[in-house]
Amino acid sequence: MTHKIAVYAGDGIGIEVTAEAVKVLKAVEKIADIKFDFTDFNWSSRYYKETGKIKPDDYLKVLSDFECVLLGAIGCPDLIPDRIAVTPLIEMRQTFDQYIGLRPASLMPGVKSPLADINLGDLDIYFVRENSEGEYINCGGRFKPGTDDEVAIQTNIHTRKGVERIIRYGFEMARKRNKHLTLATKSNALKFGMTFWDDVLADVQGEYSDVTVDKCYIDALCMGLVQKPKFYDVIVASNMFGDILSDLAGACSGSIGLSPSANINPEKVAPSMFEPVHGSAPDIAGKGIANPIAAIRSAAMMLDFLGYNDMFKLIENVCIESLEDRQVTTPDLGGSATTSEVGDDIVNRILNK
Ligand code: NAD
Ligand code: IPM
Ligand code: MN
């Protein structure tokens, strides 16, 4: 079967790591009965220089024809203010109702965590991030800008539909894993929005009595992730809490360059999007040293979403083997390999299976 995939590499290392993810998907085409019809979109700082825009006005309509979007990373802070540059990312998640943000983080074999005394299996967490509303809705304003009377308002919206569906997804995920769900909350200070999350959790948790539940304030949860990562299984979080926790967990797992993510529309009425957790990393862009494994594992999550669980597992296993060997790793993991050498190593391992 042929799958129409939009490749939106973006900027900086987004371009470098996406090339490796596509290389891996092309290797999968050789060994399995899968075909991809890739279309590249150059919406990035290059496009901005040519057109004065970061993407065409009808880009969402263009993308809606695709089954999935494979995204690299957006952001070129020297040229475009970030609040403008990252708009497509947030708009895609919201317009395509990719309300599930899946962000697994685990300590992989051969990788050194910055946490002391941590062993394999001690960090294996699945973040289920609310991806479509919460703190990220574009609602607010600046009043009397530049004056002493200036006021800034940024509104969060948490809907019962939005909160309930993400909590339920978290429970379903916990059922498939170690049957423990943690809700990231802040209901001590955010007395309307976050008490609402607590209440919705209480409303539905009775239906999942096989799953143990705890609620943890986001500040204490950051501490817990560092001090007792083994305690956590599935963590459900609001949009912004999920964003912050996934970078923290990525760092704890040894490098954010290993952290994949999926932005899922479970009903498949619009494209889902797959992208590494990390950004365009201007500090290392153009050097060919970015770790492509997060992008490759995101492509693997796309295969899983498309129904090829065997290929998902194959890529995961091959990444694990490559990391365990420690022969071809990028500098973030203490190695000296280039981005494309890591991609080639993964491809060779796939083709030799
Ligand atoms: P970042 O994730 O780009 O980088 C943070 C640090 O992690 C940097 O030191 C970087 O070198 C390192 N790093 C990230 N990915 C790596 C990889 N694959 N291999 C090795 N090291 C890696 O975050 P930032 O610096 O806060 O943001 C840079 C730009 O990216 C900004 O424009 C930001 O808005 C944007 N951004 C985009 C996305 C996205 O498109 N999904 C996500 C986060 C940030
Ligand atoms: C991420 C990124 C985005 C987010 C930014 C670039 C808007 O940090 O995907 O983690 O906050 O969701
Ligand atoms: Mn982030």
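## Ligand 2 and its polar contacts

In this predicted model, the side chain of tyrosine 136 places an N or O atom 2.5 Å from an oxygen atom of ligand 2. Two arginines also make polar contacts with ligand 2: an oxygen atom of the ligand is 2.8 Å from an N or O atom in the side chain of arginine 103, and a polar side-chain atom of arginine 93 lies 2.7 Å from an oxygen atom of the ligand. On its own ligand 2 has 320 Å² of accessible area, and the protein covers 78% of that area.

The surroundings of ligand 2 consist of Val86, Leu89, Ile90, Arg93, Arg103, Arg129, Tyr136, Asp243 and Val277. Among these neighbours, Val86, Ile90 and Tyr136 also belong to the residues closest to the centre of the largest pocket, a group completed by Asp82 and Arg83.

## The largest pocket

The largest pocket encloses about 1100 Å³ of space. Its lining comprises 35 residues, with Asp82, Arg83, Val86, Ile90 and Tyr136 closest to the centre. Two or more lining residues come from each of strand 3 (68-73), helix 4 (82-85), helix 5 (87-95), strand 6 (140-143), strand 7 (151-154), helix 9 (239-252) and strand 12 (272-276). Helix 5 contributes the most, giving six residues to the lining of this pocket.

Where does the largest pocket lie with respect to domain 1 and domain 2? Because residues of the lining are given both by domain 1 (1-98 + 266-353) and by domain 2 (113-253), the largest pocket lies between the two domains. By class, its lining residues divide into 15 nonpolar, nine polar and eleven charged.

## Ligand 1 and its shell

Ligand 1 is surrounded by 22 residues, of which Ile74, Asp82, Gly279, Ala281 and Asp283 are the closest. One of them, Asp82, is also among the residues closest to the centre of the largest pocket. The shell around ligand 1 is made up of twelve nonpolar, six polar and four charged residues.

Polar contacts to ligand 1 involve both side chains and backbone. An N or O atom in the side chain of glutamate 275 is 3.0 Å from a nitrogen atom of ligand 1, and a nitrogen atom of the ligand lies 3.3 Å from a polar side-chain atom of histidine 278. At alanine 281, by contrast, the contact is made by a polar backbone atom, which is 2.8 Å from an oxygen atom of ligand 1. Taken alone, ligand 1 exposes 800 Å², and 72% of that is buried by the protein.

## The second largest pocket

The second largest pocket holds about 500 Å³ of space. Its lining has 26 residues, and those nearest its centre are Pro104, Tyr126, Arg177, Phe312 and Glu316. Strand 4 (100-106), strand 5 (124-130), strand 11 (260-264), helix 10 (293-305) and helix 11 (309-325) are the elements that give two or more residues to this lining, and the largest share, five residues, comes from helix 11.

How many nonpolar, polar and charged residues does the lining of the second largest pocket have? The lining has 17 nonpolar, three polar and six charged residues. Domain 1 (1-98 + 266-353) and domain 2 (113-253) each supply at least three residues of the lining of this second largest pocket.

## Enclosed cavities

Apart from the open pockets, the count comes to three cavities of 30 Å³ or more. The largest cavity contains about 50 Å³ of space, and the residues that line it are Tyr8, Asp11, Trp43, Ser44, Ile54, Ile74, Gly75, Cys76, Ile80, Ala85 and Pro88. This lining divides into eight nonpolar residues, two polar and one charged. Ile74, which lines the largest cavity, is also one of the residues closest to ligand 1.

The second largest cavity has a volume of about 40 Å³, and around it lie Val17, Thr18, Ala21, Leu70, Leu71, Gly72, Phe274, Pro276, Ala295 and Ser298. At least two of the lining residues come from each of helix 1 (13-31), strand 3, strand 12 and helix 10. Strand 3 and strand 12 also give residues to the lining of the largest pocket, while helix 10 is among the elements that contribute to the lining of the second largest pocket. By class, the lining of the second largest cavity has seven nonpolar and three polar residues, and no charged ones.

Definitions and conventions. Residues numbered from 1 in each chain as written. Chains lettered and ligands numbered in written order. Predicted model: local features only at pLDDT ≥ 70, side-chain atom pairs only at ≥ 80, totals over all residues. Heavy atoms only, no water. 1 Å grid on protein atoms, 1.4 Å probe; cavity = no way out; pocket = protein on both sides within 12 Å on 5 of 7 lines; lining within 4 Å. Points joined across faces, edges and corners; volume = space filled by probe spheres on them. Helix = DSSP H or I, 4+ residues; strand = E, 2+ residues; numbered from the N terminus. Nonpolar A, V, L, I, M, F, W, Y, C, P; charged D, E, K, R; others polar. Domains from an automatic or database assignment. Near = heavy atom within 4 Å. Polar contact = N/O pair within 3.5 Å; in protein donor to acceptor, adjacent residues only side chain to side chain. Areas by Shrake-Rupley, 256 points an atom, 1.4 Å probe, with all protein chains shown as cover.
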